[in-house]
Amino acid sequence: MLNSIRRTGAVLAIAALICTTAATAQTAPKIKNTGYEQTKTVMYVGNSFYYYNDSMHSKVIGLNSAADPQNRNHYRSTSITISGSGFNWHDMESYFRPNAIASYSFVGDNEIRFNKFDKPFDAVIMNDCSQCPVHPQLKGMFHEYAAKHSATVRKHGAKPILFMTWAYADKPEMTQQLAEEYTIAGNNNDALVIPAGLAFAKAIAKKPGILLYVADKRHPSKLGTYLSACTIYASLYNKSPAGLSYTFGIDPETARFLQEIAWETVQEYYGRS
């Protein structure tokens, strides 16, 4: 009986180790600390993974405002999304045309402010469709457009950033596959990669019952969107979101857990001390 208990314990320990270590990228990211701490204006280019739950970008702004209340008005984001879209659906060049996107903002009591700036955005965070980076017929296009869009973003004075998406709830093997392809694309284009997909896997490994998805097993729940926003914040600013007062209405204990998961994931992925 004792030997049986020991064997069972050993199996469980090995299983736990596999859960916590499998969700990685085989390739190490080349860009690990980009000095983006001064990033104030960000354009998000993607799909429904962004716009669920009243948009991910607004949650990052909420974290910025909580962390830097004196300069909260200096942070500005624009989210450009197409439902179900991949990289090749977006005309990145058109998003930088003069006197168009971000040329004015709604502020205060729905007043319009006309913006004047040398460049509209400091950085562009972009992602492909949920399967595109690992789909046998679309994988090549993912890498092709990661390069094209990165070059366009740089041409307009902004820094390209890739947003690593998460596995489907019932296909956890996608985590490592997506992590690998996004990391390779980031390395090929000298672009920072935000490891949101790895944060999802880590949160589930540590708290298997946590609900990061809605019923379709693809799109993020409120908790999934907040975890992604925390991961973006930790990646961009090299600061832990743990303890920030903005929680998107999530109970404090769960919000703190997600904040800490985001920071742990970012530290591990970039190899930061």
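Colleague: Why are α6 and α8 called oblique to each other?

Modeller: In this predicted model, helix α6 (residues 196-206) and α8 pack at an angle of about 125°, with their axes 9 Å apart. Angles of 65 to 115 degrees count as roughly perpendicular and those over 145 as roughly antiparallel. The value of about 125° fits neither class, and therefore α6 and α8 are oblique. Their crossing is right-handed.

Colleague: Which residues make the contact of α6 and α8?

Modeller: From α6 come Leu 198, Ala 199, Lys 202, Ala 203 and Lys 206, and from α8 come Phe 257, Ile 261, Glu 264, Thr 265, Glu 268 and Tyr 269. By class, six are nonpolar, one is polar and four are charged. Lys and Glu count as charged, and Lys 202, Lys 206, Glu 264 and Glu 268 are among the contact residues.

Colleague: What makes α7 oblique to α8?

Modeller: The axes of α7 (residues 222-237) and α8 (residues 252-270) cross at roughly 45° and come within 8 Å. Angles under 35 degrees count as roughly parallel, and 65 to 115 as roughly perpendicular. Roughly 45° belongs to neither, so α7 is oblique to α8. Here α7 passes α8 in a right-handed crossing. On the α7 side the contact includes Leu 223, Tyr 226, Leu 227 and Cys 230; on the α8 side it includes Leu 258, Ile 261, Trp 263 and Val 266.

Colleague: How many residues of the contact of α7 with α8 are charged?

Modeller: There are no charged residues in that contact, which has 12 nonpolar and four polar ones.

Colleague: Why are α3 and α7 oblique as well?

Modeller: They pack at an angle of about 55°, with axes 9 Å apart. With under 35 degrees counting as roughly parallel and 65 to 115 as roughly perpendicular, the pair is therefore oblique. This crossing, too, is right-handed. Among the residues in contact are Met 56, Val 60, Leu 63 and Asn 64 of α3, and Tyr 226, Ala 229, Tyr 233 and Tyr 237 of α7. The contact divides into 10 nonpolar, three polar and one charged.

Colleague: Now to empty space: how many cavities of 30 Å³ or more does the structure hold?

Modeller: The structure holds one. About 30 Å³ of space lies in the largest cavity.

Colleague: What makes a residue count as lining the largest cavity, and which ones do?

Modeller: A lining residue has an atom within 4 Å of a cavity point. Thr 39, Lys 40, Val 42, Tyr 44, Val 60, Asn 64, Tyr 75, Ser 77 and Tyr 237 line the largest cavity. At least two lining residues each come from β1 (41-46) and α3 (56-67).

Colleague: How does that lining divide by class?

Modeller: The lining has five nonpolar residues, three polar and one charged. Since Lys counts as charged, Lys 40 belongs to the charged class.

Methods: Residues are numbered from 1 along each chain as its sequence is written. This is a predicted model: local features need pLDDT of at least 70, side-chain atom pairs count only at pLDDT 80 or more; totals for chains, interfaces and linings use all residues. Side-chain values use heavy atoms; hydrogens and water are left out. On a 1 Å grid over the protein atoms alone, a cavity is a set of points where a 1.4 Å probe fits but cannot get out, and a pocket is an open set with protein on both sides within 12 Å along at least five of seven lines; lining residues have an atom within 4 Å of a point. Grid points are joined across faces, edges and corners, and a volume is the space filled by probe spheres set on the points. Helices (H or I, at least four residues) and strands (E, at least two) are DSSP runs, numbered from the N terminus. Axes are lines fitted to C-alpha atoms, for helices over the stretch in contact, and angles run from 0 to 180 degrees between N-to-C directions. A crossing is left-handed if the near helix is turned anticlockwise from the far one by less than a right angle, and right-handed if clockwise. Contact means heavy atoms within 4.5 Å.
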